[in-house]
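Please open the model in the viewer and keep the sequence panel in view. The tour proceeds by selections, beginning with the whole chain and continuing to individual residues.

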Amino acid sequence: MGRDRFGLEMTGSDAAVAAYDEALGHLLRFQPEVVTASEQALAADPGCVMARALRAYVSLMPSEGPDAAAARELLKGVAQPAHPRERAHLEALAAWTAGDWYGASRRLDALLALWPRDVLALAVGHQLDFFVGDARNLRDRVARARAHHDPREAESGFLDGMWAFGLEECGEYVRAEAAGRSAVDRNPEDVWALHAVAHVEEMQGRVREGVADLESRRAGWWQGNFLNVHLAWHLALFRLEADDHAGVLELYDALIHNAGSAQVAMEMVDAAAMLWRLHLDGADTGDRFARLAEAWATKDAEPWYVFNDLHAIQALVGAGRLADAERRVDRLARFAREGDDASSNHRMVVAAGLPAARALCAFGRGDHGAVIRHLAPARHHLAVFGGSHAQRDVFQRTLVESAVRAGEGALADQLLAERLAARPGSTFAWARMARRRRAAGDVAGAVEAEARRAGERAALCA
């Protein structure tokens, strides 16, 4: 037995343990070298259980069905390890690869109760909390572990970056920003912490600060990590709020999605969500929807993670491929009827995924009453299918737009009031408020809302 950098026993030769430690460092930094280093650990000692577990977890992170199958293959024939912590990791992996994401999360929580310095379990559990939309555990899993790490340790800052994101998703914006900025100051390569700060600024509508923070650190995140597309997406979100559609498309083409993109679902989710937001604004996106829809058409023949399906449907609807989008919805409906209720994705589909999918297709048909019927009852429960508040906001925007188009004045007023209470400078909300007021015959109110939008846009572009 050896010991990893956090003092935990693990099976493996000295060379395997050293490569595992290197891989763990890359994982915390979202660096693609995590794959090479974990494979080097396995090459040094095929019996290194933690290296195999890490490699399997990395396979699962893209959240696609074929990758889960690859993780299952990687774990085939692994001898039952003697160490109980290693057995616990294999049990968590068995649950996840079988589709029990919640069970995997619980097993990792149980593991961390016994070995709170297991940073692999913490980092993977944190991502699982994100995938299943468990904001409280996104925060509290890290809070529990932080107490067992010396803040003077070099890697402890990465825990603060994770904690910052959990705090933000729980609405604790002041603490989240402080923790995130501290983590980035300690480790400039901590892209997850930078991402947490961007989320705080997004939720508070602090567009100029968000742009300044991401642009000033662009050299550190634009390449060399798995999060660069998502951070470009955040920068595009801020530009979208400033009505800078050209700037959004420039970022989209440069990094979010292009011919050289990796075509992995986690990045294509951001591409679809950004194009859909532009679609709601009536922006001309050229043939981008069509190209993205082609990429989505190759993904997950059977339901695995409905968050991905929803963004595939956005791309298909945006490309005018309504029949293909409807077939994807029919597949989800069949899964809801016939799927295994032990599957975490089944719960996600039934609780909110299927209504959201039907709403997207209804939007494509121009049936805004149906959008409201499907989406309004589910709008407070969308976290069940994962993602962040900022990511799920695309569905809230869709509901607002449909309420305005359908002439559902009371609902539109409620939704806009909620949005402006959270983001008083939202150009998206003021634009819809102007349309709503004009449709209601309130010309003075419309002019006031249009002036407010213009003022906010001018301030953001100054």
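What percentage of the 462 residues in the chain is buried? In this predicted model, buried residues make up 60% of the 462.

**The whole chain**

Select the entire chain and display it as a cartoon. The secondary structure amounts to 25 helices and 2 strands. The radius of gyration is 22 Å, close to the 23 Å that the globule rule gives for 462 residues, so the chain is as compact as a globular protein of that length. Viewed along its principal axes, the C-alpha trace spans about 75 × 50 × 40 Å.

With contacts displayed, consider those with a separation of 6 or more: residues 24 or more positions apart account for 65% of them.

Next, switch to a surface representation. The accessible surface of the chain comes to about 17,400 Å², and 52% of that surface belongs to carbon and sulfur atoms. Colouring by charge brings up 54 positive and 65 negative side chains. The centres of these two sets lie 3 Å apart.

**Two loops with positive phi**

Return to the cartoon and select Phe30, in the loop between helix H1 (14–28) and helix H2 (33–44). Phe30 is not a glycine, yet its phi is positive, at about 55°. Most residues other than glycine have a negative phi. Is the side of the chain at Phe30 buried or exposed? Phe30 counts as buried, because its relative accessibility is 16%, under the 20% cut-off.

Now select Ser63, in the loop between helix H3 (49–60) and helix H4 (65–75). Ser63 also has a positive phi, near 65°, in a residue other than glycine. Its relative accessibility is 2%, and Ser63 therefore counts as buried.

**Helix H4 and helix H6**

From Ser63, move to Arg72, which is found in helix H4. Arg72 is partly exposed, with a relative accessible area of 37%. Add Leu93 to the selection: Arg72 and Leu93 are 21 residues apart in sequence, and their C-alpha atoms are 8.3 Å apart in space.

Select Ser105 next, in helix H6 (residues 101–114). Ser105 has a relative accessible area of 7% and is buried. Which residues does Ser105 touch, not counting those up to four places away in sequence? They are Leu128, Asp129, Asn137 and Arg141.

**The loop before helix H20**

Select Ala342, in the loop between helix H19 (322–338) and helix H20 (344–365). Ala342 is exposed, because its relative accessible area is 52% and the cut-off for exposed is over 50%. Add Gly103 to the view: Ala342 and Gly103 are 239 residues apart in sequence, and 9.6 Å separates them in space, C-alpha to C-alpha.

Continue into helix H20, where Val350 lies. Val350 counts as partly exposed, at 47% relative accessibility. Leaving aside residues up to four places away in sequence, Val350 touches Ala336 and Pro355. A distance drawn from Val350 to Met266, C-alpha to C-alpha, gives 22 Å for a pair 84 residues apart in sequence.

**Helix H21 and its neighbours**

Select helix H21 (residues 368–375), whose buried residues are His368, Ala370, Val371, Ile372 and Leu375. What do the buried residues of H21 pack against? They pack against H20, helix H22 (389–405) and helix H23 (409–422).

Within helix H22, select Arg392. Is Arg392 buried or exposed? Arg392 is buried, with a relative accessible area of 7%. Display the residues that Arg392 touches, again not counting those up to four places away in sequence: Glu169, Leu382, Ala383, Phe385, Gly386 and Gly387. Then add Ala273, which is 119 residues from Arg392 along the chain; the two C-alpha atoms are separated by 9.1 Å.

**Cysteines**

Finally, turn to the cysteines. A disulfide is a covalent bond between the sulfur atoms of two cysteines. How many disulfides are counted in this model? The count comes to 0, with a pair of cysteine sulfur atoms required to lie within 2.5 Å. Select Cys48, which counts as buried at 0% relative accessibility. Then select Cys170, which is partly exposed, with a relative accessible area of 25%.

Terms used:
Residues are numbered from 1 along each chain as its sequence is written. This is a predicted model: local features need pLDDT of at least 70, side-chain atom pairs count only at pLDDT 80 or more; totals for chains, interfaces and linings use all residues. Side-chain values use heavy atoms; hydrogens and water are left out. Helices (H or I, at least four residues) and strands (E, at least two) are DSSP runs, numbered from the N terminus. The radius of gyration is taken over C-alpha atoms; the globule rule is 2.2 Å times the number of residues to the power 0.38. Buried means under 20% relative accessible area, exposed over 50%, partly exposed in between (1.4 Å probe, protein chains only). Contact means heavy atoms within 4.5 Å. Accessible areas come from the Shrake-Rupley method with a 1.4 Å probe; for residues, only the protein chains shown count as cover. Lys and Arg count as positive and Asp and Glu as negative; His and the chain ends are not counted. The place of a charge is taken as NZ of Lys, CZ of Arg, CG of Asp or CD of Glu.
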